[in-house]
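This note is intended for a colleague who is meeting the structure for the first time. The points below may be read alongside the sequence and the model.

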Amino acid sequence: MIQCILDGKKIQDRRELHAALAAGLGLPKWYGGTLDGLYDCLTEPVDRALTVINWGELAQNLGPYANRLWRVLTDAAGENP
């Protein structure tokens, strides 16, 4: 199982977010650093676990993008628990 802990205190912007997700989850090159690509990767039948800590800081740093990220994460979890 691939396990990734995403620490919101260490993420300042979208670029850092997607770089951390790609590295931590072992995402393929075609991922491209987008929320659509993230959803596609997270709903593949690969055994991955993502834990987000310090969500408040992450949400503050990402602004409205954090709401879209949360929606992608919860939708993907519904498809691939």
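1. Buried means under 20% relative accessible area. The model is a predicted one, and this cut-off is applied to it throughout the points that follow.

2. Helix α2 comprises residues 35-42, and its buried residues are L35, G37, L38, C41 and L42. Viewed down the axis of α2, these buried residues fall within an arc of 155°, so they line one face of the helix. Against which elements does this buried set pack? The buried residues of α2 pack against α1, β2 and α4, the last of these spanning residues 65-79.

3. C41, a buried residue of α2, has a relative accessibility of 0%. C4 is likewise classed as buried, because its relative accessibility is 7%. The count of disulfides in the model is zero. The reason is one of distance: a disulfide requires cysteine sulfur atoms within 2.5 Å, whereas the sulfur of C4 is 13 Å from its closest cysteine sulfur, in C41, which is too far for a bond. Taken from the other side, the closest cysteine sulfur to that of C41 is the one in C4, again at 13 Å.

4. R48 belongs to strand β2, which covers residues 48-53. This arginine is buried and yet has no salt bridge. Why is no salt bridge counted for R48? The nearest side chain of opposite charge, that of E44, is 4.2 Å away, and a salt bridge needs the nitrogen and the carboxyl oxygen to be within 4 Å.

5. The side chain of R48 does have polar partners in the backbone. It reaches the backbone oxygen of C41 at 2.9 Å, and one of its polar atoms lies 3.1 Å from the backbone oxygen of L25. When neighbours within four places in sequence are set aside, R48 is in contact with I2, L25, G26, L27, P28 and C41. C41 and L25 thus appear both in that contact list and as backbone partners of the arginine side chain.

6. How many salt bridges does the model contain? The count is one, and it joins R15 to E16, with the closest N and O atoms 3.9 Å apart. R15 counts as exposed, because its relative accessibility is 59%. E16, at 23% relative accessibility, counts as partly exposed.

7. Helix α1 runs over residues 14-25 and includes H18. Is H18 buried or exposed? With a relative accessible area of 6%, H18 is buried. Apart from neighbours within four places in sequence, H18 is in contact with Y31, G33, T34, L35 and Y65. Of these partners, L35 is one of the buried residues of α2.

8. A19 is also found in helix α1, but this residue is partly exposed, with a relative accessible area of 44%. A19 and N67 are 48 residues apart in sequence, and their C-alpha atoms are 18 Å apart in space.

9. N54 merits a separate remark on backbone geometry. Most residues other than glycine have a negative phi. N54, although it is not a glycine, has a positive phi of about 60°. This residue lies in the loop between β2 and α3, the latter covering residues 55-62. N54 is partly exposed, with a relative accessible area of 27%.

How values were computed:
Residues are numbered from 1 along each chain as its sequence is written. This is a predicted model: local features need pLDDT of at least 70, side-chain atom pairs count only at pLDDT 80 or more; totals for chains, interfaces and linings use all residues. Side-chain values use heavy atoms; hydrogens and water are left out. Buried means under 20% relative accessible area, exposed over 50%, partly exposed in between (1.4 Å probe, protein chains only). Helices (H or I, at least four residues) and strands (E, at least two) are DSSP runs, numbered from the N terminus. Lys and Arg count as positive and Asp and Glu as negative; His and the chain ends are not counted. A polar contact is a pair of N or O atoms within 3.5 Å; within protein, one must be able to donate a hydrogen and the other to accept it, and residues adjacent in sequence count only if both atoms are side-chain atoms. Contact means heavy atoms within 4.5 Å. The arc is that of the directions from the helix axis to the C-beta atoms.
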